[in-house]
Number of protein chains: 2
Amino acid sequence: MSEDLGITVKKDTDISEWYQQTVIKGGFADYTPVKGMIVYRPNGYRVWELIMGEFDPILKAHGVQNVLFPLLIPENLLTREADHFAGFTPEVFWVTRGGDQPLEEKLALRPTSETIIHTMWGKWLQSHRDLPVRFNQWCTVYRHETKMTKPFIRGREVLWSETHTAHATKQEAEKETEWAINAYGDLVERILAVPVVRGRKTDSDKFAGAEYTLGIEALMPDGRALQSGTSHLLSHKFAEAFGVKFVNEDKKWTHAWMTSYGLSMRVIGGMLMIHGDDKGAVLPPKVAPVQVVIVPIVFKEKEKIVNDATGKIHSELKKTGLRVVLDDREGYTAGWKFNDWEMQGVPLRLEVGPRDVEAKSVMLVRRDTGQKIKVPFEKLKATVKKELDRLHARLFSKARESLVQKTVNATRMGEVKKAVEDQKWALAPYCGNVACEAKMKVETGAEPRLIPFGQKLLKDTRCVACGEEATDLVYWGKSY
Amino acid sequence: MSEDLGITVKKDTDISEWYQQTVIKGGFADYTPVKGMIVYRPNGYRVWELIMGEFDPILKAHGVQNVLFPLLIPENLLTREADHFAGFTPEVFWVTRGGDQPLEEKLALRPTSETIIHTMWGKWLQSHRDLPVRFNQWCTVYRHETKMTKPFIRGREVLWSETHTAHATKQEAEKETEWAINAYGDLVERILAVPVVRGRKTDSDKFAGAEYTLGIEALMPDGRALQSGTSHLLSHKFAEAFGVKFVNEDKKWTHAWMTSYGLSMRVIGGMLMIHGDDKGAVLPPKVAPVQVVIVPIVFKEKEKIVNDATGKIHSELKKTGLRVVLDDREGYTAGWKFNDWEMQGVPLRLEVGPRDVEAKSVMLVRRDTGQKIKVPFEKLKATVKKELDRLHARLFSKARESLVQKTVNATRMGEVKKAVEDQKWALAPYCGNVACEAKMKVETGAEPRLIPFGQKLLKDTRCVACGEEATDLVYWGKSY
């Protein structure tokens with residue numbers, strides 16, 4: 001591989017260009033002739049499959065059933081809940097023609113599916129015995145984004161899991177929204193090694209039509225916050241608009257309490273941005289399409305002993321359930337292969353040359369540290385597993401350390417402003433007045449990201465923006 | 001359950017109404033306010049998940065990688081291959097607006113993805129070392145159908161697996177199309193218990209832009225053929241239109257040989273129609289969302305011993321990996337539950353009452369035959385497994401018997417006509433002249449379905465339509 005086929009900018013120098021090269025050259029995604037839409041290439045889609053593979057059983061165990069509702073939503077359904085309509089229509093793709101004929105009614109590509117799912121629940125739900133009901137779709141949603149797009153992070157076609165639930169009581173629905181946001185947080189930390197903060201959105205930033213929205217946010221290396229999953233208490237608003245009712249235990253028709261929550265492939269973008277280095281992606285093992293690559297180092301007349309050894313190592317590691325590839329492609333040098341797999345973020349590389357075979361050992365190379373470890377054949381399986389675990393743990397602790405270091409406790413607006421300038425975010429008190437959010441945005445460039453759970457606000461704490469009594473601590477920062 | 005909540009027509013009397021009730025009341029799908037689009041409800045979507053779960057590893061083992069290309073295809077890509085354009089545009093949904101703005105170029109909802117995938121391959125592929133390449137999408141496709149829609153069988157939004165491949169030689173591409181159609185046939189027979197015939201489409205019925213199309217067809221109880229999967233040799237047509245080239249071993253740029261193949265959720269419709277009975281769906285165990293349901297028969301003061309026993313049976317069967325449900329819902333009679341699970345097609349029901357517990361046995365009821373088998377506790381696991389296997393085998397052999405009985409060997413047009421009237425299809429010789437297909441359609445109502453593989457045509461065999469020398473035996477029949 002010639003130098004210019006690798007990543008040509010440093011992450012610290014130009015993270016935006018670095019990210020784009022990392023995504024494209026690592027085979028995760030690419031731009032297409034369709035404006036604002038990317039193709040999810042094998043590596044990128046496989047990461048998503050692995051996320052689905054981890055999360056789908058968690059949803060099922062929680063009583064969630066997978067379904068698929070129509071992509072196309074008639075305009076009259078989308079407009080039925082006024083706040084929701086106002087929130088989404090500016091960004092909707094409209095289908096107006098079928099074949100040569102204009103359609104009788106415009107159809108929106110779903111920006112989210114509350115309206116169509118609640119319409120059907122209005123028809124299906126009868127009794128308290130039907131509740132709770134929980135539907136999930138692993139699907140795509142569409143938003144005609146006018147902002148700059150960025151693969152995985154912001155685009156017009158987004159892969160996600162969207163879950164919708166209906167409950168007999170508000171208390172149950174509230175519990176559901178908390179369950180969801182914690183499930184998302186746990187998942188992202190456990191398999192993507194991405195630490196997140198959890199909390200509630202300020203009112204100005206909640207889902208269109210929700211009573212409130214919970215979220216998880218991750219902090220990117222450039223100090224921007226990445227909203228990575230949200231969970232909404234919809235209460236009765238949609239139930240009233242769409243007639244979602246049931247007969248309760250007292251035999252009275254009553255509106256159901258609704259929630260919805262979603263986790264998108266944004267988390268893949270966040271994961272790539274946080275863990276990657278100047279050579280490209282670094283993948284946590286649980287979501288790495290290839291966890292271990294074996295590269296034979298072949299010299300003339302020594303091919304057979306090397307190929308025999310790598311073949312054996314390959315089949316033995318595969319038996320343990322690892323995603324392992326033997327790169328025996330001809331016509332490429334070992335060095336070219338090293339770079340290729342490094343760009344793709346493969347956690348561990350095993351190099352096997354004639355001398356290694358003679359010494360009955362293998363050279364194991366860690367993608368994150370570059371550390372080389374000579375491993376005797378008989379300890380290979382155990383060492384590979386151990387190093388994969390270590391790599392995950394190191395990625396997570398490094399990212400958490402960064403999150404801690406880049407979180408500034410601020411009590412004055414100037415401190416928030418400085419935090420943003422320093423590519424950090426600030427945790428600072430807020431009075432709850434929307435006007436203060438606007439003021440903060442103008443003066444510091446920061447937006448409220450989350451009101452974290454479990455905070456303890458001291459008495460007489462003052463809002464950083466207006467100096468009035470604060471109601472909450474809030475994370476302030478720029479966002480993606 | 002009152003009688004009218006069950007299936008209210010007999011399958012033999014009105015298969016169309018029976019099918020609709022079976023699909024809706026079994027929880028597989030329902031109509032929505034979006035014309036021609038259904039919602040895939042939990043039972044229907046779960047069947048599809050189980051099909052994906054069986055087939056995805058087969059694709060992966062064959063070297064297929066999953067990806068996702070944009071749903072929206074710019075008009076200029078769709079028009080680039082003339083035959084393809086002519087074949088698809090009359091049925092395309094067009095997106096013409098984004099938010100309040102008209103789009104610069106109309107975007108089609110993908111009817112299939114050759115055009116966008118080949119565009120990107122034109123950019124990515126470089127060397128013979130990149131070949132073969134195989135991409136699959138588990139996704140939805142859209143056709144603005146003007147014909148009557150029928151859940152799963154024909155609709156405007158279709159779930160499917162679409163695979164696209166590029167190869168260095170025509171021979172390899174031809175081998176690929178055969179691999180695919182056989183993989184589809186094997187899958188459908190092995191997990192859906194639906195026997196199919198395999199063969200080649202006549203030229204008039206091939207995919208728009210293909211050199212030829214292979215297919216599998218299943219025979220429905222009303223004698224109509226259901227196309228259930230297709231595989232296309234695209235040869236160079238798309239490669240030329242989209243510039244899909246590679247440098248071969250002689251260092252010359254040359255066009256790749258392309259194929260595409262697809263399997264849709266039509267197979268779910270065929271499976272429901274073939275195996276179902278007057279009580280609703282009958283599901284083969286491999287795709288049954290619930291394979292075994294346990295219904296406690298509770299009498300006053302005997303609740304505890306029954307509930308203890310069913311709880312224990314439930315957890316023991318679950319441990320074996322079976323999809324088993326304990327229906328301990330309150331407020332429903334056992335009879336209501338029996339009907340409910342029968343409509344959903346659950347293969348085996350276990351009834352457990354106080355006397356069963358005393359006798360240390362369970363009453364096992366087969367969904368397909370209604371047969372009741374008293375099974376001692378200690379033999380339950382083995383018997384359940386055995387009866388599930390038997391049920392599958394019986395469904396398949398019954399369907400194959402029907403396929404054989406409803407296949408008429410015909411040498412004259414009148415025989416084909418009679419076969420169609422008798423709700424059968426006919427295997428009859430054909431000269432290859434498209435005019436004869438039109439004649440057959442007018443005179444008999446039948447269309448050519450497939451030219452089966454491995455046929456032996458006797459010399460001097462005459463076309464049923466024109467009496468000229470025949471080239472092939474062809475299945476003739478009505479189709480869905």
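The domain assignment of chain A, whose bounds come from an automatic or database domain assignment, divides this predicted model as tabulated here.

| Domain of chain A | Residues |
|---|---|
| domain 1 | 3–275 |
| domain 2 | 290–387 |
| domain 3 | 409–477 |

Between domain 1 and domain 2 of chain A, the C-alpha centres are 39 Å apart. Residues are numbered from 1 along each chain as its sequence is written, and chains are lettered from A in the order in which they are written. In this predicted model local features need pLDDT of at least 70 and side-chain atom pairs count only at pLDDT 80 or more, while totals for chains, interfaces and linings use all residues, and side-chain values use heavy atoms, with hydrogens and water left out.

A turn of 180 degrees, with a shift of 0.0 Å along the axis, lays chain A on chain B with an RMSD of 0.0 Å, the superposition being by least squares on the C-alpha atoms of residues with pLDDT of at least 70 in both. The two copies are therefore related as by a two-fold rotation axis. The same surface serves both copies, since 100% of the contact residues (heavy atoms within 4.5 Å) of chain A recur in chain B. A:Val95 is the residue of chain A that comes closest to the rotation axis, its C-alpha lying at 2.1 Å.

In chain B, helix α10 (residues 334–343; a DSSP run of H or I with at least four residues, strands being runs of E with at least two, numbered from the N terminus) is mostly covered, with 7 of its 10 residues buried, that is, under 20% relative accessible area with a 1.4 Å probe and protein chains only. Among them are B:Trp336, B:Phe338 and B:Trp341. The buried residues of α10(B) pack against α1 (15–25), β15 (292–296), β16 (324–326) and β17 (348–352) of chain B. Just after α10(B), B:Gly345 adopts a positive phi of about 85 degrees.

Key
Buried < 20%, exposed > 50% of the residue type's maximum accessible area, 1.4 Å probe, protein only.
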